[in-house]
Each structure stands twice: as C-alpha cells, then as structure tokens.
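Subject: Structure handover

Hi,

Here is the structure we talked about. My notes on it follow below.

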Amino acid sequence: MSENQILERLLSKFENRQLISVYEAAQEIRPGMTAAAVRTALSKKRFPLPTYKIMGVRMCKIFDLAAFQADPAIQDFSVNSIQKRGPGRPRKCV
C-alpha cells in the first residue's frame, strides 16, 4: 500500500487525530506490544518514531507512523533485539 492509503486508514481509525499516544502507535507497529516494552524502547532510544511530550503525555505524529509503515526498509523494528552481555566483569555503576 502507498503512504497515502496507509495515512487514510490510520486517520479513519484514530478519528482524524494527528497526534496519537506512543502506546497506540506501538500497537500499530507491532500488535501485542506491552506498555513495559514501549517504555523500555523509549528509554533506550530504540523506538522507531520521533516522539513529543505534550502536557505530560508522549505522542507521535500519525504522518510519521504512516511513513514508517509504508517504507519496508525501516520496518525491522524489534525491542527484543537488545544484545545481552557475555560473561566477564560487570560494568561499574556510575
């Protein structure tokens, strides 16, 4: 589907809102993603969309979400792709 078709579908789903919460965006990106996984992705700066804090709520532009879904090259998003550390001395906590 083209970006315009995806945008029309998203606008009809979210009642023509131009900003949606990051939790709603995460459900569109990867259905079943938990709120804890979204918070982890945001804190580790791995959430694939730019976010904005408006009145204490993290929001995403629906246009960014449509562009993300239309481009197959950037859809390889996985919160669980964090590499685990191997054996050895633990890091120093600063």
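**Ile62 and its surroundings**

Ile62 touches Leu7, Leu10, Leu11, Phe14, Arg17, Gln18 and Ile20, leaving out residues up to four places away in sequence. Keep in mind that this is a predicted model. Ile62 itself is found in helix α4. Is Ile62 buried or exposed? Its relative accessibility is 0%, so Ile62 counts as buried; the cut-off for buried is under 20%.

One of those contacts spans a long stretch of chain. Ile62 and Arg17 are 45 residues apart along the chain. Their C-alpha atoms are separated by 7.7 Å.

**The nonpolar core**

Which residues have the most contacts inside the largest nonpolar core? They are Leu10, Phe47, Leu49 and Ile62. This core has 21 residues. Four elements give two or more residues to the core: α1 (3-13), α2 (22-29), α3 (35-43) and α4 (62-70). As background, nonpolar side chains tend to be buried together in soluble globular proteins.

Two of the residues with the most core contacts also meet each other: Leu10 is among the contacts of Ile62, and both names appear in the core list above.

**Helix α3**

The buried residues of α3 are Ala37, Val38 and Ala41. They cover an arc of only 100° around the axis, so they sit on the same side of α3. What covers these buried residues includes α2. Just after α3 comes a backbone detail to check in your viewer. Lys45 takes a positive phi there, of about 55°.

**Salt bridges**

How many salt bridges does the structure hold? There are 3.

Start with Arg9 and Glu28. Their side chains meet in a salt bridge at 3.5 Å, N to O. Arg9 lies in helix α1 and Glu28 in helix α2, so this pair ties together parts that are 19 residues apart in sequence.

Next is Lys13, which also forms a salt bridge with Glu28. The closest N and O atoms of Lys13 and Glu28 are 2.3 Å apart. Lys13 lies in helix α1 and Glu28 in helix α2, so this pair ties together parts that are 15 residues apart in sequence.

Arg9, Lys13 and Glu28 are thus linked in a network of salt bridges. How do the members stand in terms of accessibility? Glu28 is buried, because its relative accessible area is 13%. Arg9 is at 35% relative accessibility, so Arg9 counts as partly exposed. Lys13 has a relative accessible area of 46%, so Lys13 is partly exposed as well.

The remaining pair is Arg17 and Glu24. Their side chains meet in a salt bridge at 3.1 Å, N to O. Arg17 is partly exposed, with a relative accessible area of 31%. Glu24 is partly exposed too, at 26%.

Arg17 therefore turns up in two places: in the salt bridge with Glu24, and among the contacts of the buried Ile62.

**In brief**

Ile62 is buried at 0% relative accessibility and is one of the residues with the most contacts inside the 21-residue core. The buried residues of α3 share one side of that helix. Glu28 is linked with Arg9 and Lys13 in a salt-bridge network.

Best regards

Key
Residues are numbered from 1 along each chain as its sequence is written. This is a predicted model: local features need pLDDT of at least 70, side-chain atom pairs count only at pLDDT 80 or more; totals for chains, interfaces and linings use all residues. Side-chain values use heavy atoms; hydrogens and water are left out. A nonpolar core is a set of buried Ala, Val, Leu, Ile, Met, Phe, Trp, Tyr and Cys residues joined through side-chain atoms within 4.5 Å. Buried means under 20% relative accessible area, exposed over 50%, partly exposed in between (1.4 Å probe, protein chains only). Contact means heavy atoms within 4.5 Å. The arc is that of the directions from the helix axis to the C-beta atoms. A salt bridge is a side-chain nitrogen of Lys or Arg within 4 Å of a carboxyl oxygen of Asp or Glu.
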